[in-house]
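The exercises below deal with empty space, cysteines and one residue environment. Work through each task before reading its solution.

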Amino acid sequence: MRVGSSRPMLRAKMLVPRLPPTTVARSRLEDRLTAAAHVRLTTVVAPAGWGKTTMLAAWAGSEEWRGRTAWLSIDEADDEPVRFWTYALSALEQVAPDLTRDSLAALQAPGMDPIGVALAALLNALTASAHRNVLVLDDYHVLTHPMIHQNVEFLLSYLPPAMHLVISGRADPPLPLARMRARGELNEIRAAELRCTTAEGLDLVSGVSGLRRLPANTDSVVERTEGWPAGLQLAALTLRESGDLDGTAAELGGDRRHILDYFTAEVLPGLGEEQRNLLVRCSVLERLSGPLCDAVLGTDDAGDVLVQLHQAGVFLSSLGGGWYRCHRLFRDVLRRLLDKEAPKEAPALLSRAADWFLREGRLEEAIELRESAGDIAGAVQLILTADRWFMDRGSTATLLHLGERLATSVTDPRLYVVLAVAAGESGHYDRCAHWLAAADPLIEATTEPLPGWQTLRGQADTIWATFPAAGDSEGALRYATRAAELEDDPTRYGHLLARQVLGSALLSVGRLPEGLELLKECWRSPLRQRLPSLLALQSAGQLALVLVEAEDLAGASRVAHEVRDLAAAAEQAWGPGAAAALAGLRLAEARLVSATDPEAAIPALKRAVDLAEGWGWPTVVLASLSTLAAA
């Protein structure tokens, strides 16, 4: 039994993108960013291809801000609150680890919705900090989850001077911008400011094309593209491959769609077969690496091809660590080509990518890619066998998010039960009841159980008794009794959990001797060693509290001592987020002290109250407050 490990993360998402050598200096914009760094928020909003990321990366890499700017490149997969904040705070950790220690620990804690705890810890650390840092959230427009925007608004409302937030995207973020603008808390950069001046445009075309002499009418290309950086880069690449510079420059006088089509027709065919094959077939992926592309394409030299493409400046940005990212605008063009040339190939490519991520232990990405490939059954199967993986990593909210998306396409009571567990363990008790109610009419005696359980009905009844029926003692007892009868195989940990919940239900209806004896029996079971650390610590806290109530102080002390090291590890790993695991145990320990010296127990009881309120479980909150009041 151990405290769960951290979820695997793609570090490349948290690195400031590397700038190609052809990057044009835009000091006017960088100076504007620096001048406004004292306000709470800067927004950089413009359509695709306007150089938002490049401009911000150049600023972040300047002498003044290098090492002080945290960066997160956001994907559609980050549209889940716990995952988003885990990445955002991990990015900040790269430049200011002292600011994020407690908040990141809280986000890894299972058994509760930890975001409020994590943001409070971050704000406290920022308030005490004497250093100023920046957090850049790039491609923020892909986020749609309302809770993420509410969290960001909360952070901005109390953001101390120690941090400046920069949000970049294609649309205004759904934040109170008008209010911030009126208060002087907002700096805004839009497409009008991002347009290349004539001098910047000529420098860009010259640098990317590598031409010693530009066509005489290049000024008009800059003018006709309205300074659109992506259009100018496409024009430069087209000129580089042209044998008739003046004629090609004249051809590039159309609109943005015309330039993209011209590039597709004239430049892509000039790439090597391996280069073009990789770009087109791997356009299904957000980010690219040599091993990943080899797995998708069945090759063994994709890393070399990626280096060649990056050096050629074909809209491939290096993220560091062997990872690359294709410009979204260019990727859209490539994706259309794939659909045209091989309309049925995308699912197979995505499935191979999912297999690679699965081999790498990156379960979240594997599930998402299975879903994108249209393999809903495969994605569901991964979820059905992975609830323990998510629980150990404090990612049950992510499991709920992924599973609820899949649940719109399938009718499977096993999936619904997994979602009920995820909802209950992440503090979403209304969703827990919803998914149990959805599962109930579909569960039959022959329905296949989930790993560790003898019956799906027994598991569902255990969850009913634990969460939705927690305030209905008689109802909880009915569910728990049936669960214990169904889960009669002592080799499965479902047997232990069902009987433990039955012990709790007996206590709730006043049958103390029966409930206590059952909890003791569960505690002695060797199956307890197979429980996740969250459940083991909750069991210890519950049993210790009941033993104190039964005036068996020596027994309560033995239980607390037995999990002392596990509790210390949980507190160190999860920080303020350990409340769900430790609230009951710390209350029991404080009550042991209070039994002989109430005054000496007051600090421990105050700590127990803080933990209980952080977890929010009503009975433990009430018991903590009443014991503190008595002391």
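Helices (H or I, at least four residues) and strands (E, at least two) are DSSP runs, numbered from the N terminus. The model is predicted: local features need pLDDT of at least 70, side-chain atom pairs count only at pLDDT 80 or more, and totals for chains, interfaces and linings use all residues. Residues are numbered from 1 along each chain as its sequence is written, and side-chain values use heavy atoms, with hydrogens and water left out.

**Exercise 1.** Describe the largest pocket by volume, lining and contributing helices.

Solution.
- Step 1, the term. On a 1 Å grid over the protein atoms alone, a pocket is an open set of points with protein on both sides within 12 Å along at least five of seven lines; a cavity is a set where a 1.4 Å probe fits but cannot get out; lining residues have an atom within 4 Å of a point.
- Step 2, the volume. Grid points are joined across faces, edges and corners, and a volume is the space filled by probe spheres set on the points. The largest pocket comes to about 1600 Å³.
- Step 3, the lining. There are 50 lining residues, and Thr466, Ser504, Gln542, Trp615 and Trp617 are the closest to the centre of this pocket.
- Step 4, the helices. Those that supply at least two lining residues each include helix 25 (456-466), helix 27 (493-508) and helix 29 (533-549). Helix 29 gives the most, with nine residues.
- Step 5, the classes. Ala, Val, Leu, Ile, Met, Phe, Trp, Tyr, Cys and Pro count as nonpolar, Asp, Glu, Lys and Arg as charged, and the others, Gly among them, as polar. The lining holds 28 nonpolar, 16 polar and six charged residues.

**Exercise 2.** Treat the second largest pocket in the same way.

Solution.
- Step 1. The volume of the second largest pocket is about 930 Å³.
- Step 2. Its lining has 43 residues, with Pro20, Thr54, Gln233, Ser317 and His327 nearest the centre.
- Step 3. Helix 2 (52-60), strand 7 (316-320) and strand 8 (323-326) are among the elements that supply at least two residues each; helix 2 has the largest share, five residues.
- Step 4. The classes are 19 nonpolar, 15 polar and nine charged.

**Exercise 3.** How many cavities of 30 Å³ or more does the structure hold, and what lines the second largest cavity?

Solution.
- Step 1. Five cavities reach that volume.
- Step 2. The largest cavity has about 70 Å³ of space, and the second largest about 50 Å³.
- Step 3. Residues lining the second largest cavity include Leu496, Gln500, Cys522, Trp523 and Gln542.
- Step 4. Helix 27, helix 28 (512-524) and helix 29 each give two or more residues to that lining.

**Exercise 4.** How many disulfides does the structure have, and is cysteine 196 buried or exposed?

Solution.
- Step 1. With a disulfide taken as a pair of cysteine sulfur atoms within 2.5 Å, the search of the whole structure finds zero.
- Step 2. For cysteine 196, the nearest cysteine sulfur belongs to cysteine 326, 19 Å away.
- Step 3. Buried means under 20% relative accessible area, exposed over 50%, partly exposed in between (1.4 Å probe, protein chains only). Cysteine 196 counts as buried because its relative accessibility is 11%.

**Exercise 5.** Place valine 136 in its surroundings.

Solution.
- Step 1. Valine 136 belongs to strand 3 (residues 133-138).
- Step 2. Its relative accessible area is 0%, so valine 136 is buried.
- Step 3. Contact means heavy atoms within 4.5 Å. Not counting residues up to four places away in sequence, valine 136 touches Leu56, Thr69, Ala70, Trp71, Leu72 and Val166.
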